[in-house]
Amino acid sequence: MSEINWYVVRAVSGQEKKIKTYIENEAIRRKLDDLIPSILIPTEKITEVRNGKKRVREKSYFPGYILVNADLNNGEVLHLIKTMPGVIGFLGRNNGTSMTPEPLRQSEINRILGVQEEVIIGDNISPTLTFVKGENVKVIDGPFSGFDGNVEEVNEDKKKLSVSVKIFGRSTPVELGYMQVEKLQ
């Protein structure tokens, strides 16, 4: 009888993606992929500006940890994960470096996966929110918070607006997300 649970695997920090790929490929090669249905590295997307260019990168919520959904009652699956290059062990009782796996409680999994879902839901802006060219808006988030502006351009696909904001008496175009502005009555 297979008992698939979530486990936390300690890994060499910075190599989580490589280790995840190793485990997935080896599981397929050994025909054990049905006993390891999923492997997660909880991440969030971070937008940063470097040298005037906007970049989106992923940052791990838990550096050095990988979540593995697997049936570790099967000795071959347990051995596969333990012997993978870069794997330190399982998160457990012995100061966090146990080679005896301890499954996560459902509440812990819900909280971790909930963080992932909140990020995804946060990116999906309400479809009822629409703006039209020429509309007056107030900036409520970001460096231009508190300024009023006029919508110059609407990009429905990216949920972005080009807003003309008066700064020091001059109109300046600013690109803002839908959630950074509110309509003025």
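The following exchange introduces the fold and the cores of a predicted model.

Biologist: What pattern of helices and strands does the chain follow along the sequence?

Modeller: In this predicted model, the chain contains three helices and eleven strands. Read in sequence order, these elements give the pattern β-α-β-β-β-β-α-β-α-β-β-β-β-β.

Biologist: What share of the contacts in the chain between residues at least 6 apart in sequence joins residues at least 24 apart?

Modeller: The chain has 185 residues, of which 32% count as buried. Among contacts between residues at least 6 apart in sequence, the share that joins residues at least 24 apart is 55%.

Biologist: Which strands stand at the edges of the open sheet of four strands?

Modeller: The open sheet has the order β2-β5-β1-β6, with antiparallel pairing. A strand at an edge has a single partner, so one of its sides is left without a neighbour in the sheet. The strands in that position are β2 (38–40) and β6.

Biologist: By what angle are neighbouring strands of this sheet turned against each other on average?

Modeller: The sheet in question is the open one with the order β2-β5-β1-β6. With direction ignored, its neighbouring strands are turned against each other by an average of 30°.

Biologist: Which residue in β6 stands opposite V9?

Modeller: β1 and β6 pair in the antiparallel sense over three bridges. The residue of β6 that stands opposite V9 is F90.

Biologist: Is F90 buried or exposed?

Modeller: F90 is found in strand β6. F90 and E102 are twelve residues apart in sequence, and their C-alpha atoms are 7.5 Å apart in space. Because its relative accessible area is 1%, and buried means under 20%, F90 is buried.

Biologist: Which helix gives the most to the largest nonpolar core?

Modeller: The largest nonpolar core has 22 residues, and those with the most contacts inside it include I23, I66 and V77. At least two residues of this core come from each of β1 (5–11), α1 (16–29), β5 (65–70), α2 (75–82) and β6 (87–90). With four residues, the element that gives the most is α2.

Biologist: Why are the buried residues of α2 on the same side of the helix?

Modeller: The buried residues in α2 are V77, L78, L80 and I81. An α-helix has 3.6 residues a turn, so residues three or four places apart point the same way. The buried residues of α2 lie on the same side because they cover an arc of only 160°.

Biologist: At what angle does α2 run to β6?

Modeller: Among the elements that cover the buried residues of α2 are β1, α1, β5 and β6. Helix α1 lies across β1, β2, β5 and β6, and runs at about 20° to β5. Helix α2 lies across β1, β5 and β6, and its angle to β6 is about 135°.

Biologist: What is the relative accessible area of N69?

Modeller: N69 is found in strand β5. Leaving aside neighbours within four places in sequence, N69 is in contact with residues including W6, L35, I36 and P37. N69 is buried, and its relative accessible area is 14%.

Biologist: How many residues has the second, separate core?

Modeller: In soluble globular proteins, nonpolar side chains tend to be buried together. The second core is separate, and V139, V151, V165 and V174 are among its residues. The number of residues in this second core is twelve.

Note on methods
Residues are numbered from 1 along each chain as its sequence is written. This is a predicted model: local features need pLDDT of at least 70, side-chain atom pairs count only at pLDDT 80 or more; totals for chains, interfaces and linings use all residues. Side-chain values use heavy atoms; hydrogens and water are left out. A nonpolar core is a set of buried Ala, Val, Leu, Ile, Met, Phe, Trp, Tyr and Cys residues joined through side-chain atoms within 4.5 Å. Buried means under 20% relative accessible area, exposed over 50%, partly exposed in between (1.4 Å probe, protein chains only). Contact means heavy atoms within 4.5 Å. Two strands pair if DSSP finds at least two bridges between them. Axes are lines fitted to C-alpha atoms, for helices over the stretch in contact, and angles run from 0 to 180 degrees between N-to-C directions. The arc is that of the directions from the helix axis to the C-beta atoms.
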